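Got your viewer open? Take this tour one selection at a time, and keep the structure turning as you read.

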Amino acid sequence: MRVLVTGARGLLGSAIVARLLAVGDEVRTLQRRPSGLARPYDVVETLGDLGDPSAVAQAMRGCDAIVHSAARVGLTGSWAQFAAVNVMGTRTVIGQARRNGIPRLVYVSSPSVAHSGQPLIGASAEPADPEHTRSPYAQSKAVAEQTVLAENDEALRTVAIRPHLVWGPGDMQLIAPIVERARAGRLLVIDAGHALIDTTYVDNAAAAIVAAVRAVDEPEVNGRAWVVSNGEPRTVAEIFTRIALAAGLRPRLRDVSLGTALLGARAAQRWWALSRRQDDPPLTTFLVEQLTTAHWFDQTQTRAALDWSPEVSLAEGFQRLAVWFAERPAT
Amino acid sequence: MTTTPAVPTGTDDDPAGVSWAAGADPAGVPWRAVGVDPAWSRIADVTDPSGRTHRWHLLDRPADGDQPALTVLCVHGNPTWSYLWRGLIAQAPPDVRVLAVDQLGMGLSERTRSPRRLGQRIDDLLSLTDALDLAGPVIVVAHDWGGPVALGWVAQVRTYRPEIELAGICLLATAVHQPDHLGAPPLIRLARLPAVRPLLTATPLFLTATLRVGAPELTAEEVAGYRLPYRRAAHRRAIGDFVADIPLNRRHGSAAALAAVAASLTSLGELPVLLLWGGRDPVFGDAHLRDLCDRIPHADVHRYADGHHLLPEDPRVPGDIWRWVAWVRDGGAGAAAAGAPDDAADSAAAGAPDDLPPLWAALLVRAGMSPGPRDNPVPAAAGADPDVAELTQPLPIIGRSPEARIGTGTAAPSAPRAPAGSDDPADVELTQPLPMLGDSADVELTQPLPMLGDSAQPARRAWPVTPTAPALTVMRAGRRGGRAVEVTWRDLALLMGEVRAGLIALGVQPGQRIALLVPPGAELVATLYACWSVGAVAVLTDAGSGVPVLRANLAAAGVHHAVAVRRAHPLLRMLRLPGHITTVAGLRRAAARAARTARAAGPDRPPAQPPALPPPQPGDLAVVVFTSGSTGPAKGVRYTHAQVAATCAVLQRHYRIDDEDVLIAAFAPWALLGPALGVASVIPAMDLTRPATLTARGLAQAVAATRGTLLWASPAAIRTILATVEPLLADHARATRRAIRRGRPVPADPFGSVRLVLIAGAPVALSLLERAGALAPAAQVRTPYGMTEALPLTEADLRDVRTAEGDGVLVGAPLPGVTVAVAPLDFDGVPSLTPATAPGVSGEILVRAPHMRAGYDRLWSVHNRASTPAGWHRTGDVGHLDEQGRLWIEGRLGDVIRTAAGPVTPVGIEQAALRASDLADVACVGVGPAGTQQVVLVTGGGPGTGLGRHPESVSPEVLDAIRAAAADVVPGAPGVVALLRTGALPVDTRHGAKIDRPAVAVWAAGVLSGRGG
């Protein structure tokens, strides 16, 4: 099978490419800058933007399936900024897939598309709900997922996979800030960090998405969203501790109350807005909410539908992370 | 006589001005809106014997097929109508026809010109069932004042309608007689007041009030359904007439009919009867239930402690009625006994041998007494001053008695001397003959007793005669070694004889229930055995569980009399018992009065003896003992005389209890069974309802005072003993050094005489067993498994437990005579009903034993569930048998964690976690929705005394070790997701050892949800 992966430079995108190659697929990629995958592997790269239909069309020509994982992510930013990439870019991918007769589309979504702020406890994949999402990012992903799933028909089979909190060696989004703060002795947990949270080791998420490339033909699979996780929820405090330990640090978690955390987050957001900084503030109200709300999912249906189960346990994942930190030159 | 389907008849314009005189128009009723299938509604024109035709309305749900296998006839009370039964009808099995009638003047039936009396209503119902050609098997279900109507109908049918085959009667919240000590229910008396009665019909107040009080959960639609046929004053006339027809005195026009109905109940024979009651029914209270139970002793009873008057509206009731109907159709109790496996048949009360010695036999033998009647039945203690007999005082001792000995050899105030009695031992005698079970003839008790159990079992030894040896020693806390108050065998027997005489003098009848609210000690023991000797049923409930539980339990048991400390009398008076509320001293006073009367009658004339009481039979109920409520709501557990005897027999045989043994009773039943076992016992200075109050010093004093040999204690007591043992051992070491220095004999080891330590009541950790073993080096340490419903069942010793690692706690192999199986859990954690004994199969533990309970008291539905499959007791515990046939406990059925990989049980994981760490305690619970739950551990040791958040957990390394250990125990199950620390794990009050996992689970779920948990 020949598969196009968009956003192949990212942590998950590159893992998807590696997984596809491992199962014997031919891989094309589309991203703005070179992924570094073309040379070592037999990957045909197209450099381009999702906003450029011709680049998109060129990248997917002759493919049997598309894994659409390119997206703008982040805690800050306007709806327009997120929508331009996540909504409009996805529409471009769908439009070109139809035009070029590509029969399968696996959309890499996010559980945040159905999260309205309430704890998710043993939850299944509820329908995306753009009106009640908690951030512009989640809202844009929700609209895009709705679009993708609404397009599902005989000619184009679509499915959405929502991996929850993907992490692994090289991750800059979850791992890097935690390690940085642990090193500075500023690793905070809110309300003791007791919220139980599902995470997904990157290779497991990639394997689930590659499984979905096959399973999307099944009538009970396509047209729906599936949450993917390791199925081993842990408390926020334990996740932080394990990540810091993998980086060779013996962390001391500092416990702050929810009220204090919210005050701090509001102040930081205000300051970042006033000073027009483009990076993410260290704490936002969205992040506080994510860190103090249980998020874990019922994986029985997903595993049966995709005929997939996680191959790397959390313990194994943390070990691999530790190896990666050990081999990496100190920064 | 014609019956027609419901058609519009349009009779609202009656010439007499009474609406619906010829019945309402059911076609105009919005049936669907009030939750009734319109197809059920029909009318029937019925001509009564006087030639008058009445139009009836009824709900008629036909059975599938031509002939119903059974017809259930439902009769409503006042002020309801057939609407009452819609829930029951909706759940009816397909092969059953259900007929729910509207009585004349009620519901949608015809409004009659004159009030219908009870007798007429009975005839009316018979006319209707004749018109419907009712035949074949019928079960009648009746509520409220429908009860007398239905029972009157039953009496008629049994005599005159052979084509109707009565299969059973189910009565809900009804009465056939006003108990004399109460008068009419206050609400009915209120409704009968001249000023109030017109309001019953003029306003819908009575109807509204009945609905509000009788079924507080009714929705507005349901209230509208009840009101539907009673919207206008003229519609409601029969409601007032019905109230007026309740006979509150003998002159009332329906009094004779009601009396005839009440009298007919004695001739019901073996006809199955189910009585359903609501504990919160202000109309028909517990006194009415007791009255019906006394009239129909064989009735099955289910009393919903929180049930209200309109029981058919209770969501549990329709299911329970159909469960009972199905059970009756299967042959009821007869089939259950027949269906029991063969080797369990001897456990049935009915199968108990007739030659069982009575429970009090050993007590009398050791006291050197013959139970035969003598010429001069004067109590030895006739002159005793009963007022000193408060139990907080040392027990006044009857007859001649050695002065109470002093514990540990130090000086202590002497117990009051025995009241003056005769010094002639021949005078030591009981006022009433004590009958032998199944044999009221004279039995020479000093001879070896007949064998216990069937003749295949080894003959029981004869008890030695030791009248002046202590039978019961009660330790009182004191500064220097404490005080030992001893009661000799003879004094205990005499006290029992006196209490027995008092019970007889007060008119206690066999089968009546007597609440015993007396602290453990000689008075309690004597009263318990006295109750048994008169055939009364002792009701025992744990005073430590608090006043609300106590009150609920006594109400649930429906006690007739109470023997209680004065402190409990106000509570007992609130329960409005029909009999006496007295103290042990009061009973002794009554005995003395009776004796004086007998004496005054003169030696020549035979004294006016109360009629001789029939001796209790082995299958008669002996005791109702309440569970602690530590594993669900408190329930009364019934034991027959044969089952109590079987419990004693298994204890005696298994622990080889001999005459030299002394039971150290840190466990309440141990304090009661000593006399039946024929061995002495000692109650340490402690609050028996709070096991953790037993200190090492308290135990040592009890051991020293009695040379106690057999200790039975809960894990909580053992923990306190271990926590307080250091100073005791230090003192002992000092005393030993001093003795050696002075060349005196060294003091005895504080627990040297203890030969057996039994730790039971909750799963016991190995470390606790090891430490308990170190405390009494000469003793064997064992942990029996059992429950209020059957004890002991299996047993493990230290060696077993030391080598045991597996999924659960090893409780050992079944004792001889005990059979253990499991009801395997399916993927959703639900036990199947096919017992399995294959090793390694997890399921709800099923047991069978001769010393198993007779059943749950007045909880028919609970009992039926706990006794299915037939012949077994379902324990509510989950576990498995191993290759060697030993039982492992994995937790309570309610503690099973339903994960995505199937059921996971908590105890094995907890044990693994404790082995893999130095945590002191841990609870394993599930969080999340059933079917995808995650496994969470919670440990105590944080700040505070209860469940409270604590930010710190254990180190990641310890967590890794615990996860690995748990995965070894339950391979394939989802791993432990988190380990939380809290202040202290909640445990039950009685044993102080059973972790309340459901409470921990709720707490953990809150914490792990993140916000505000």
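Start with B:Val754, which sits in the loop between α23 (725-741) and β21 of chain B. Helices (H or I, at least four residues) and strands (E, at least two) are DSSP runs here, numbered from the N terminus. This is a predicted model, where local features need pLDDT of at least 70 and side-chain atom pairs count only at pLDDT 80 or more, while totals for chains, interfaces and linings use all residues. Residues are numbered from 1 along each chain as its sequence is written, and chains are lettered from A and ligands numbered from 1 in the order in which they are written.

**Stop 1: around B:Val754**

Is B:Val754 buried or exposed? B:Val754 is buried, because 24 other C-beta atoms lie within 10 Å. (Buried takes 20 or more other C-beta atoms within 10 Å of the residue's own, exposed 12 or fewer, and partly exposed is in between; C-beta atoms are placed from the backbone.) Now show what B:Val754 touches: leaving out residues up to four places away in sequence, the list is B:Val703, B:Gly708, B:Thr709, B:Leu711, B:Ala776, B:Ala778 and B:Ala779. (Contact means that the C-beta atoms of two residues, placed from the backbone, lie within 7 Å.) For a sense of scale, select B:Asp877 too: from B:Val754 to B:Asp877 is 123 residues in sequence and 31 Å in space, C-alpha to C-alpha.

**Stop 2: strand β20(B)**

One of those neighbours, B:Leu711, takes you to strand β20 (residues 710-713) of chain B, which is covered on both faces. B:Leu710 and B:Trp712 are buried on one side, and B:Leu711 and B:Ala713 on the other.

Select strand β18 (residues 662-665) of chain B next: β18(B) runs parallel to β20(B), joined to it by three bridges. (Strands pair if DSSP finds at least two bridges between them.) Look for B:Ile664, opposite B:Leu711. Strand β21 (residues 756-759) of chain B is also parallel to β20(B), with four bridges, and there B:Leu758 stands opposite B:Trp712.

**Stop 3: a helix crossing**

Jump to helix α3 (residues 146-160) and helix α9 (residues 255-264), both of chain B; their axes come within 9 Å and cross at roughly 65°. (Axes are lines fitted to C-alpha atoms, for helices over the stretch in contact, and angles run from 0 to 180 degrees between N-to-C directions.) Which residues make the contact? From α3(B), pick B:Pro148, B:Leu151, B:Gly152 and B:Ala155; from α9(B), pick B:Ala257, B:Leu258, B:Val261 and B:Ser264. Six of the contact residues are nonpolar, two are polar and none is charged. (Ala, Val, Leu, Ile, Met, Phe, Trp, Tyr, Cys and Pro count as nonpolar, Asp, Glu, Lys and Arg as charged, and the others, Gly among them, as polar.)

**Stop 4: a three-stranded sheet**

Now find the open sheet of chain B with strand order β32-β33-β34 and mixed pairing. β32 (923-927) and β34 (976-981) of chain B are the edge strands with a single partner each, so one side of each has no neighbour in the sheet. From one strand to the next, the twist averages 30°. β32(B) pairs with β33 (residues 934-939) of chain B in the antiparallel sense over five bridges; to see one partnership, pick B:Gly926 and B:Val935.

Add helix α29 (residues 997-1008) of chain B, which lies across β32, β33 and β34 of chain B at about 55° to β32(B). Its buried residues include B:Trp1003, B:Val1007 and B:Leu1008. Those buried residues of α29(B) pack against β10 (196-197) of chain A as well as α27, β32, β33 and β34 of chain B. Just past α29(B), B:Gly1010 has a positive phi, near 95°.

**Last stop: where the chains meet**

Show both chains: 23 residues of chain A are in contact with 17 residues of chain B. On the chain A side, β6 (120-123), β13 (234-235) and α7 (236-246) give two or more residues, and α7(A) gives the most, with four. By class, that side of chain A has nine nonpolar, eight polar and six charged residues.

Finally, zoom out on chain B, with its 29 helices and 34 strands; 56% of its 1013 residues count as buried.
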